[in-house]
Amino acid sequence: MAWKNRDVVSIDDFSKEDLEALFKKTDEYEHSYPSGILKGKIIGNIFLEYSTRTRVSFEVAAKRLGAEVINLVAEYSSIKKGESLYDTLKMMDIYSDLLVIRSPIEGTARFASDVCKHPVINAGDGYLNHPTQAMIDLYTIRKLKGRLDDLRIGVCGDLRYGRAAVSFMFGVAKYSNKIYAISPAQLSMREDVKNKLTEIGAYFVETNSLEEVLPELDVLYVTRIQKERFPDIAEYEKVKGSYKVDLKTLQNSKRDLIVMHPLPRVDELSYEIDNTPMQAYFKQAELGVYIRMALLSLILVGE
Ligand code: NCD
């Protein structure tokens, strides 16, 4: 499907061909990019939840290509006076050429894409969808491993509330890989997520032992426990600190294992890994700008 004017709501909406076109454009932009291609365009950032990388890298991506960025700061907006999400979206749609939205509520980006006439990019909503993070993660693997198929991929941590982990699994499931879903029982995948993986034709196994599967892995994707999404803080307290990936944990890994993480990390991923060849999480953050540049250009200009 053509990229021009497209909404980016879920990684499921994109075929392997769509993704390949995006990755090709990203390869090109990593090498050199047309700094004025988005001149005159305005990107509207609506972040209704905390963010560092996603918000900043969308802003950097837009500015590198010559666009201007406006940021709705929820704390100082009329949302605080009781304005509805619908009206807020309508206003941002009037003022911008493309909207980037993050929200704690599942389905917000789909709703925004229905009510806005300009394209909408989901910068993470609820516990399921974070499509641009999944695109970054796939691109990082393609770059560091030279392929997207035939890999053994461990996804470790909060698979219940973590949209980055879930969207990543939906992404890698499009290719022929073996997924190891590694988590404490309380943080295991939801039934709807498992059903979806089965529907896509994914090969996956669930385990709570990283140690057992580690020697098999080519990629280990670690995620933070999503404290803010637990309906009951007492439930969070029970699993808090229940896993930590450090050099000792990784001692029986393949020599060329890469360790990924969407970041932010809290206590689940040791700083010890930062200066080893396994570290791929800062690379993800770096490549994220190029993926987002390629996305903005494909959607707003079509090339
Ligand atoms: C993630 C998110 O917001 O879903 N961060 C990100 O965008 N890189 C992961 C997280 O918050 O743990």
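**Exercises on the ligand site and selected residues**

A backbone N or O atom of Pro 262 lies 2.9 Å from a nitrogen atom of the ligand. The model is predicted, with local features requiring pLDDT of at least 70 and side-chain atom pairs pLDDT 80 or more, while totals for chains, interfaces and linings use all residues. Residues are numbered from 1 along each chain as its sequence is written, and side-chain values use heavy atoms, without hydrogens and water.

**Exercise 1.** Identify the residues around the ligand and describe its polar contacts.

*Solution.*
Step 1. A residue is near the ligand if one of its heavy atoms lies within 4 Å of it. The residues around the ligand are Thr 54, Arg 102, His 130, Gln 133, Arg 163, Arg 224, Gln 226, Pro 262, Leu 263 and Pro 264.
Step 2. By class, this shell holds three nonpolar, four polar and three charged residues; Ala, Val, Leu, Ile, Met, Phe, Trp, Tyr, Cys and Pro count as nonpolar, Asp, Glu, Lys and Arg as charged, and the others, Gly among them, as polar.
Step 3. A polar contact is a pair of N or O atoms within 3.5 Å. Polar side-chain atoms of His 130 and Arg 224 lie, respectively, 2.7 Å and 2.8 Å from an oxygen atom of the ligand.
Step 4. Of the 320 Å² of accessible area that the ligand has on its own, the protein covers 94% (Shrake-Rupley method, 1.4 Å probe).

**Exercise 2.** Determine whether helix H6 is enclosed or not.

*Solution.*
Step 1. Helices are DSSP runs of H or I with at least four residues, strands are E runs of at least two, and both are numbered from the N terminus. Buried means under 20% relative accessible area, exposed over 50%, and partly exposed in between (1.4 Å probe, protein chains only).
Step 2. Ten of the ten residues of H6 (residues 163-172) are buried, so the helix is largely enclosed by the rest of the structure. Among them are Arg 163, Phe 168 and Val 172.

**Exercise 3.** Classify Lys 117, Ala 280 and Asp 150 as buried or exposed.

*Solution.*
Step 1. Lys 117, in the loop between helix H4 (108-115) and strand E4 (120-125), counts as exposed because its relative accessibility is 68%.
Step 2. Ala 280, in the loop between strand E9 (258-260) and helix H10 (281-300), is buried, with a relative accessible area of 0%.
Step 3. Asp 150, in the loop between helix H5 (131-145) and strand E5 (152-156), is exposed at 61%.

**Exercise 4.** Describe the peptide bond from Leu 263 to Pro 264.

*Solution.* This bond is cis, with omega near 5°. Pro 264 lies in the loop between E9 and H10.

Definitions and conventions: A polar contact is a pair of N or O atoms within 3.5 Å; within protein, one must be able to donate a hydrogen and the other to accept it, and residues adjacent in sequence count only if both atoms are side-chain atoms.
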